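Subject: A structure for you to look at

Hi,

Here is the structure I promised to pass on. Have a look at it first, then read my notes underneath.

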Amino acid sequence: MTKQFIYHFIRQHTLAVIATSYPANTPEAALIGIAATPQLEIVFDTVKSSRKYQNMVQNPRVALVIGWDNETTLQLEGVAVELSGKDDAIYREAYFAVFPAGRQRAESWPGLVHFKITPHWLRYSNFNEPQMIKEMRF
């Protein structure tokens with residue numbers, strides 16, 4: 001299993017479930033639209049009024065599940081960082097390439113921000129024949 005294999009898998013999906021934690025260490029999960037970079041960074045948007053935003057400000061460690069069709073998934077754990085400044089434009093462009101309407105949303109939705117998740121661990125699971133379960137640490 002290579003990074004290129006994982007990147008190709010992620011690029012086949014535009015949705016993921018993200019898990020964050022409240023400050024009291026209780027879980028929260030939400031469906032998000034995602035884009036990926038070749039370095040396996042995940043980019044998504046949210047609004048500052050969302051629970052996940054407040055949770056990530058307090059605790060940037062997150063987990064994602066990408067894919068669920070045909071018993072094939074990718075679990076990913078990493079650190080979420082809010083994008084700010086011109087140096088982060090490449091990440092936003094990766095997101096807009098997947099979600100062209102995201103550009104207009106970014107200009108018109110109050111409090112809309114973008115995040116980048118840098119992975120620390122992932123597990124690809126395919127329970128079909130031939131079965132494959134592989135982990136990667138960064």
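First, a term you'll need: a salt bridge here is a side-chain nitrogen of Lys or Arg within 4 Å of a carboxyl oxygen of Asp or Glu. This is a predicted model, in which local features need pLDDT of at least 70 and side-chain atom pairs count only at pLDDT 80 or more, while totals for chains, interfaces and linings use all residues. Residues are numbered from 1 along each chain as its sequence is written, and side-chain values use heavy atoms, with hydrogens and water left out.

**Salt bridges**

How many salt bridges does the structure hold? There are six. Side chains of opposite charge can pair when their charged atoms come close.

Arg123, Glu135 and Arg137 are linked in a network of these bridges. Within it, glutamate 135 and arginine 123 meet at 2.4 Å, N to O. Glutamate 135 sits in strand E8 (residues 132–137) and arginine 123 in strand E7, 12 residues apart. (Helices, H or I with at least four residues, and strands, E with at least two, are DSSP runs numbered from the N terminus.) Glutamate 135 is partly exposed at 41% relative accessibility, and arginine 123 is partly exposed too, at 25%. For the cut-offs, buried means under 20% relative accessible area, exposed means over 50%, and partly exposed is in between (1.4 Å probe, protein chains only).

Another pair is aspartate 45 with arginine 105, at 3.1 Å from N to O. Aspartate 45 belongs to strand E4 and arginine 105 to helix H4, so this pair ties together parts that are 60 residues apart in sequence. Are these two buried or exposed? Both are buried.

Then there's glutamate 28 with arginine 51, whose closest N and O atoms are 3.3 Å apart. That pair links strand E2 to helix H2, with the two positions 23 residues apart in numbering. Glutamate 28 is buried at 7% relative accessibility, but arginine 51 is partly exposed at 48%.

**Helix H2**

In H2 (residues 51–58), Lys52, Tyr53, Asn55 and Met56 are buried. They are on the same side of the helix, because they cover an arc of only 165 degrees around the axis (the arc is that of the directions from the helix axis to the C-beta atoms). Their cover includes strands E1, E2, E4, E5, E6 and E7.

**Strand E1 and its partners**

In a regular strand the side chains alternate between the two faces of the sheet. You can see this in E1: Ala16, Ile18 and Thr20 point to one face and are buried, while Leu15, Val17, Ala19 and Ser21 point to the other and are not.

E1 runs antiparallel to E2, and seven bridges join them; two strands count as paired if DSSP finds at least two bridges between them. Isoleucine 18 stands opposite alanine 30 of E2. In the hairpin of E1 and E2, with five residues between the strands, asparagine 25 has a positive phi near 65 degrees. E1 also pairs with E5, again antiparallel, over four bridges, and alanine 16 has isoleucine 66 of E5 as its bridge partner.

**Glycine 111**

Where is glycine 111? Look in the loop between helix H4 (101–108) and E7. This glycine is partly exposed, at 33% relative accessible area. Leaving aside neighbours within four places in sequence, glycine 111 contacts Thr46, Val47 and Lys48, where contact means heavy atoms within 4.5 Å.

Cheers
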